Amino acid sequence: MGKNWKVVGMLIIGFCIMLSMGVSASYLAYQKIDQMYYEQIAGIVGKVVAQNPENEVLVVQGLKELEARDVERGKEILKPYGYEAQFLVLPYNKKGFESLLWVNMMMLTLIFLIGVGVSYGIYRWLKVRLSALLAYLMQIAKGDYSLNIKGIGEGAFSVFEDQIYKTTLVLREGKETQEKEKLNLAQNIADISHQLKTPLTSMGIMTDLLLENEVSDQNQQFIKQLNLQIERLSKLVGILLKLAKLDAGTVQLKEQEVVVSTFIEEVVEMLEGPIRQKQLKIHMTGEDDVCVLRDKNWMYEAIHNILCNCVQHSPVGSKLTIEWHHNPIYTEIVIQDEGGGVPVEDLPHIFTRFYKGENASKESVGIGLAMAKTIIEKQNGEIKVANANGGAQFRMKFY
């Protein structure tokens, strides 16, 4: 309750000071007014007695035995001469009234300043407490649950702070549980992948051996189909293993200087076979000195998957455009094909794992674009797709 009493103490002290000053001002005003009225009556008595010495005793007795009718009679006498209650200030006491007015104004000013000071002190205290809570909440929003505000303060905010602390504990425990589950899932997928790789490799070797022997044309075709399915399954296992590592956060992404123009040429070169087969025209534009700091291998995986998707959906003899440019905020890579674009109903799901759209090939498993999106986002980037210029347009921004 320490800080709570601090606020209460400030309020009590401020109230006591203002009350004391108010009482002091009232007492001083009363003393001043009493003195002014005494001097004013004394002046009148002196004037009357000076002119009528024989009435001195009568005048003094009149002050002690003053009655209401005497007051009314006096008002009737003064009224014709223009003396009303609010104007009955003799020149002798005019300065006294002015000084009294200044004293009251000064006292009121001091009371106001003290009130402002106390209010500002309370405001500063509240600001410090709220700033501490805001900074803590911002740390939580960034995923940092290591801070501890238990005992940061007591008083009016103690219940609120206690609830924040309890919520933080729940979030921390939830995050730790989620991380453990992700690691376990990644480990399980890795184990399964490794277990699958050995028999798949063996099956691939056996199908190759079968093809070397004399078999009927029909069986040879079956063996080739089986070999294709084994390769497809092996590729899928490899992709799932990579995704599991990315999801679990076990991948250590390196910051390497990647020259975009050279990098794009390398990716295109790896797809030279399918590009030649479809007689595609590759149009690349961009500055030669544009660089990004990213993990080159994983970035290659992402761009390769996107470019491979565009090649698959491009008509024979069409054009494939790859552009890149840099500004102070981000580096953008744009890949555009002429494959007719993505069906409108498929656009919201194109990066969803295992989603196969209307134009997907039979060999597709719907995982390549999803993995590309995951890799790009893991490297502080974003990817969007839209239909433009008679095809699909992929825009990647690396911040």
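The points below describe the fold, the core and a few individual residues of this structure.

1. This is a predicted model, in which local features need pLDDT of at least 70 and side-chain atom pairs count only at pLDDT 80 or more, while totals for chains, interfaces and linings use all residues. Residues are numbered from 1 along each chain as its sequence is written, and side-chain values use heavy atoms, with hydrogens and water left out.

2. The chain has ten helices and seven strands, where helices (H or I, at least four residues) and strands (E, at least two) are DSSP runs numbered from the N terminus. Of its 399 residues, 28% count as buried, a word that stands for under 20% relative accessible area with a 1.4 Å probe, protein chains only. The accessible surface of the chain comes to about 26200 Å², and 59% of this belongs to carbon and sulfur atoms; such areas come from the Shrake-Rupley method with a 1.4 Å probe, and for residues only the protein chains shown count as cover.

3. Among contacts (heavy atoms within 4.5 Å) between residues at least 6 apart in sequence, 72% join residues at least 24 apart. One pair well separated along the chain is I239 and M371, 132 residues apart, whose C-alpha atoms are separated by 8.0 Å. I239 lies in helix α6 (residues 217–248) and is buried, with a relative accessible area of 11%; leaving aside its neighbours within four places in sequence, I239 is in contact with I367 and M371.

4. Helix α9 covers residues 296–313, and its end C-alpha atoms are 26 Å apart, which agrees with the 26 Å that its 18 residues should span at 1.5 Å a residue; the expected span is 1.5 Å times one less than the number of residues. At the N-terminal end of α9, D295 acts as a cap, with a side-chain oxygen 3.2 Å from the backbone nitrogen of N297. The buried residues of α9 include W298, M299, I303, I306 and L307.

5. The largest nonpolar core, a set of buried Ala, Val, Leu, Ile, Met, Phe, Trp, Tyr and Cys residues joined through side-chain atoms within 4.5 Å, has 44 residues, of which I264, I306, I333, I335, F394 and M396 touch the most other members. Its largest share, nine residues, comes from α9.

6. Which strands pair with β7? Both β5 and β6 do so in the antiparallel sense, β5 over six bridges and β6 over eight bridges, where pairing requires that DSSP finds at least two bridges between two strands. The bridge partner of T331 in β7 is F398, and that of V385 is F394. β6 and β7 form a hairpin with two residues between them, and N389 in the turn has a positive phi of about 55°. Six of the eight residues of β7 are buried; F394 touches residues including I306, C310, I333, I335 and L369, not counting residues up to four places away in sequence.

7. Strand β1 (residues 256–259) pairs with β3 in the antiparallel sense over four bridges, and the bridge partner of V259 in β3 is C291. Strand β3 (residues 291–294) has a covered face, made of V292 and R294, and an uncovered one, made of C291 and L293. In a regular strand the side chains alternate between the two faces of the sheet.

8. Is S318, in the loop between α9 and β4, buried or exposed? S318 is buried, with a relative accessible area of 8%, and, not counting residues up to four places away in sequence, S318 touches Q279, L280, K281 and E338.

Definitions and conventions: Buried < 20%, exposed > 50% of the residue type's maximum accessible area, 1.4 Å probe, protein only. Polar contact = N/O pair within 3.5 Å; in protein donor to acceptor, adjacent residues only side chain to side chain.
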